[in-house]
Amino acid sequence: MSPRPVSSTYRLQLTGDGTTFADAIALVDYLEALGVSHVYLSPVLSAAAGSTHGYDVVDPTTVSAALGGRAGLEALAREVRSRGMGLLIDIVPNHVGVGDPRENPWWWDVLRHGRDSRYATYFDVDWAADNGTDGRIALPVLGSAADVEELTVDRTGDEPTLAYYERRFPVAPGTDTGTGAEVHARQAYRLVPWDSGLIGYRRFFTVDDLAAVRVEDPAVFDAVHAQVASWMDDDLTDGVRVDHPDGLADPTGYLRRLRGLVGPDRWLVIEKILGDGEPLDPTLPVDGTTGYDALGEVGAVFLDPRGEKDLNALSLDRTGTPGDAEWLHAQEKQIKRAVLQTGLAPEVRRLVRAVRRDAADATCPDERLRDAVIAVAAELPVYRSDYASLGGMLPRILGDRARADAALEPALEVLARALARGGEAGARFGQVCGAATAKAVEDCLFYRAARLVSLQEVGGHPGRFGLPVAEFHLAWAERARRWPRAMTSLSTHDTKRGEDVRARIGVLSQVPQLWAACLSEWESVAPPPDAATGLFLWQNLFGAWPRDGVVTGELRSRLREYARKALRENGLRTTWTEVDEEFEGAVAAWLDAVCDGPVGASLTEFVSSLTPHFSADSLGQKLLQLLGPGIPDVYQGTELWEDSLVDPDNRRPVDFATRRRLLAQDAPPAVDDAGTAKLAVVRTALRLRRERPASFVGGAYVPLSASGPAAGHLIGFGRGPAAEEVDVVALASRHTVTLEETGWGDTTLDLPPGLWVDRLTGRRLSGTVSPAEVFADLPVAALARD
C-alpha cells in the first residue's frame with residue numbers, strides 16, 4: 001500500500017502506566033474529529049522497566065509489552081487506517097538503555113563474554129589497553145574504589161551474578177569462585193567509581209545508563225532496525241521520526257540506509273537542531289527537521305524588539321551581565337570548554353587517541369592534542385560540521401585557532417591531518433562536538449541566561465531578540481519551497497517550556513519597564529536568595545502562574561521541581577552531583593513565600609492585566625504554525641491552554657475527557673480560561689488542511705501586508721495550490737499592548753480576490769478590509785475562500 005499523505009500530526013507520549021496502545025485506540029475518534037491526519041507515537045520498542053519516555057530502549061527487536069506489544073500496535077494501526085488516518089513512530093538509533101544490564105540481552109552478553117560476545121561489535125566499546133582499565137569495560141557505578149570489597153556473588157538465580165547492593169552484573173562462565181572482589185577481577189568489565197572519569201563505552205551525551213550502538217556497521221543496523229523493517233513490510237506506519245542523528249558516526253550514511261529501508265515515499269524527519277543561520281543539508285534523503293527552527297521563528301516574530309534595551313538593563317542590574325548576543329556567545333564557548341574538560345573528558349581522551357592513530361603521530365603530547373580538540377570544538381557554532389552544506393566551516397575555525405595561539409599550531413596540524421582522513425577521528429570529533437553543544441547550551445547556558453527566558457529554547461538563538469516580519473516571511477517562503485514536508489512544532493517532550501508559557505513570557509518584551517517595576521516591588525517583600533536566580537525564576541513563575549491565582553499543591557510541587565532542576569542544570573550554586581541543600585532549600589522557601597503571601601496576589605493581578613495580550617500571542621503563533629508551510633505537529637494536550645514547564649513536567653497525563661467534551665460542544669470561540677478559542681483555532685486549521693490539501697503541503701506561501709499607521713501590528717499570509725490561487729488566509733495581530741493604546745486607525749488590508757469567510761467567527765469579508773473589523777472578536781482570523 002502507498003503511504004497515506006501526511007497533513008498534520010498529533011504527538012502522543014506512550015507509557016506503560018499512562019497511555020498505552022489501547023488508550024491511543026480510544027482517542028482516535030477524538031483526533032479524527034479534531035482534524036488530525038496522523039497519530040504520531042513516542043518510541044514503542046521495549047524500554048527499561050518503568051520508563052516514562054521510551055528513549056531507553058533495552059530490546060530494539062520487540063515492541064514494548066507494557067504498551068500492548070506487537071498486537072497492540074497492529075490494532076492501533078488498523079483503527080487509524082479504518083478512519084483514513086495514518087501512523088508515525090519515533091525511533092531511537094543512537095543508543096540503548098543499560099542502566100540495569102539484566103534488561104538488555106545484548107549488553108548482558110557483552111559484559112559476560114567480552115570480546116567473544118556475538119554482540120561485541122554492536123556497542124561502541126573502548127577495548128584499548130590504555131583506556132585506564134587495562135582493556136576492560138569501565139562501568140561507573142561504585143560509590144568509591146573501596147566499594148569493590150562490597151561486591152558479593154549472588155547464586156539465587158539460574159546463573160551466578162556479581163552483586164553490588166541491588167544491582168546485578170553477569171559472571172563469565174567458570175569465573176565464579178572466590179570472593180566478590182576476586183570474581184570481579186576476572187570479568188571483561190571493571191566496576192569503577194561513578195566520579196572516576198572512566199567510562200568504557202560511548203554514551204548518549206553524559207548519560208551513563210544510555211550506551212551508544214554502532215549502526216554504521218550494516219549488520220548492527222539490520223539488527224537494530226529489524227522491528228522497524230517489519231513495520232514497513234507489514235505497512236503499519238507511514239513514516240518515522242529519527243531521534244538525535246547527530247550522535248551517530250555517520251549521520252548522512254545512516255539516513256541513506258534508512259531511506260532505503262522505509263522506501264522513497266514514507267515520511268522521514270530528523271531531530272536535527274540547526275545552529276544560527278545553519279541550513280539543513282539539502283543532500284540528506286529526509287523530508288526535514290522536527291521543527292525547532294520553525295518554533296523559534298514563530299515565537300520570535302511576536303516579540304517587541306523595542307523591549308530589548310530595557311530587558312538588557314534589567315539583566316545587567318540583577319545578574320551583572322546584559323544577557324545579549326556577545327555575552328551569550330562568550331558564555332557558550334566558556335561552558336563548552338568546561339564540559340569537554342569534565343563531563344565529556346572520557347570521550348575527549350578517546351578522541352585524542354583516535355587523532356593520534358589517524359594522523360600517525362607519536363610525538364605531540366596528549367595534553368596538547370586535547371587542548372587543540374577542545375579549542376576547535378568550543379568554537380564550532382553548530383552541532384557538527386561534517387554535513388555537505390557546512391563545507392569550509394571547520395577549516396576556517398581551525399585556522400582561526402592557529403592564528404590566535406601559535407603555540408597550539410603543531411597540535412592543530414596533527415588534528416587537521418587526522419580529520420582530513422575522514423576516518424575514526426572525524427566521526428568521533430563530530431559526535432563529541434554535538435554532545436558538547438547540547439550539554440553546554442540547552443542543558444546549562446539556557447538555565448543561566450535570564451534576559452528573556454522564552455528565547456532560551458532547544459534550537460533557539462536567544463542572542464537575536466525578535467524577528468522582523470520581512471525575515472519571517474522569507475524564511476517561511478523558503479520552507480514552503482525547499483522543505484514542504486518538514487515538521488513544524490511549538491511544543492515537544494524536549495521543550496524547556498510549553499508554547500503558552502513561552503507566549504506569555506514573550507509579552508514581557510512589550511512591557512519591560514512595568515515588569516522591572518513589579519520585580520522591584522515584589523522583591524522588596526519577598527527577596528529571592530540570589531538576584532540572578534530570582535530574575536530567571538520570576539519569568540517562569542509568571543509564565544505558569546494560574547489566571548485565578550489559586551496555587552494548588554500540585555502546582556507548588558511542580559514549581560519546586562522545576563526550580564530544583566533549573567538550579568542544578570545551571571550549575572553555579574548546586575549541581576546534580578554536588579548538591580547545595582541549603583541553597584536549594586532557600587529557593588524552595590522563597591517560592592512558598594511568593595505563592596502564599598501578598599506577592600502572589602500582586603502577581604495574579606499582573607497576569608490578569610496582560611491576559612488579552614498573551615492570549616493574542618498564543619493564538620497567533622498557533623494559527624501561523626498550523627496553516628504555515630510544513631507539516632504541523634500538535635503536542636498532546638496543547639489544543640487547550642497549558643502551563644507545562646520542562647521535562648518531565650511536559651509529559652504529565654492529559655485530561656482528554658475535557659478536551660473531548662469541549663470539542664463535541666463546538667462552542668463559539670472565546671478567549672477564556674477553558675481555552676475554547678485555542679481549541680477552535682486548532683480544530684479550524686487542521687480541518688482546513690484536511691479539506692484543502694493542495695493548498696498546504698507543496699502549495700504556495702504568499703506574504704500579506706497591511707497599509708497604514710498600525711500595519712506592523714498585523715502578520716499574515718495566504719496559502720493555495722499556486723500563488724494565483726490563494727484560498728486560505730491566516731491573519732494574526734501582534735504587539736497588542738501598544739495596539740490597545742493606539743488602535744488600528746485607518747490601517748487597511750487588501751485581501752486576495754474573492755469572497756472570504758472567517759472559519760472561526762463566520763464573518764464574511766472581501767476586498768479592502770479594516771483589521772479592526774477582522775479582529776473584532778478574536779486576535780486571529782482563519783479565512784477560507786467561499
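Helices here are DSSP runs of H or I with at least four residues, strands are runs of E with at least two, and both are numbered from the N terminus. The model is predicted, so to speak of local features we need pLDDT of at least 70, side-chain atom pairs count only at pLDDT 80 or more, and totals for chains, interfaces and linings use all residues. Residues are numbered from 1 along each chain as its sequence is written, and side-chain values use heavy atoms, with hydrogens and water left out.

**Exercise 1. Place Ser117 and work out its surroundings.**

Step 1: find the loop. Ser117 sits between helix 3 (105-113) and strand 7 (137-142).

Step 2: check burial, where buried means under 20% relative accessible area, exposed over 50% and partly exposed in between (1.4 Å probe, protein chains only). Ser117 has 7% relative accessibility, so it counts as buried.

Step 3: look for contacts, meaning heavy atoms within 4.5 Å. Leaving aside residues up to four places away in sequence, Ser117 touches Asp109 and Val110.

Step 4: look for polar contacts. These are pairs of N or O atoms within 3.5 Å; within protein, one must be able to donate a hydrogen and the other to accept it, and residues adjacent in sequence count only if both atoms are side-chain atoms. The side chains of Ser117 and Asp109 are joined by one of 2.6 Å.

**Exercise 2. Do the same for Ser37.**

Step 1: Ser37 is in the loop between helix 1 (21-34) and strand 2 (38-41). With 10% relative accessibility, Ser37 counts as buried.

Step 2: its side chain reaches the backbone nitrogen of Ser7 at 2.9 Å. The Ser37 side chain also makes a polar contact with the side chain of His38 (2.9 Å).

Step 3: not counting residues up to four places away in sequence, Ser37 touches Pro5, Val6, Ser7, Ser8, Met85 and Gly86.

**Exercise 3. Describe the largest cavity and the second largest cavity.**

Step 1: set the rule. On a 1 Å grid over the protein atoms alone, a cavity is a set of points where a 1.4 Å probe fits but cannot get out, and lining residues have an atom within 4 Å of a point. Points are joined across faces, edges and corners, and a volume is the space filled by probe spheres set on them. The count comes to eight cavities of 30 Å³ or more.

Step 2: take the largest cavity, with about 210 Å³ of space. Its lining has 20 residues, and Arg202, Arg203, Glu347, Gln431 and Val432 lie nearest its centre. Strand 12 (203-204), helix 11 (345-359) and helix 15 (424-448) each give two or more residues to that lining.

Step 3: sort the lining. Ala, Val, Leu, Ile, Met, Phe, Trp, Tyr, Cys and Pro count as nonpolar, Asp, Glu, Lys and Arg as charged, and the others, Gly among them, as polar. That gives nine nonpolar, five polar and six charged residues for the largest cavity.

Step 4: turn to the second largest cavity, at about 90 Å³. Its lining residues include Leu45, Val57, His95 and His225, and they divide into 10 nonpolar, two polar and no charged.

**Exercise 4. How many residues are buried in helix 11, and how many in helix 17?**

Step 1: helix 11 is mostly covered, with 13 of its 15 residues buried. Ala360, with a positive phi near 50°, follows helix 11.

Step 2: in helix 17 (residues 499-506), eight of the eight residues are buried, so the helix is largely enclosed by the rest of the structure.

Step 3: find the partners. The buried residues of helix 17 pack against helix 8 (292-300), helix 19 (531-544), helix 22 (598-627) and helix 24 (676-691).

Definitions and conventions: 1 Å grid on protein atoms, 1.4 Å probe; cavity = no way out; pocket = protein on both sides within 12 Å on 5 of 7 lines; lining within 4 Å.
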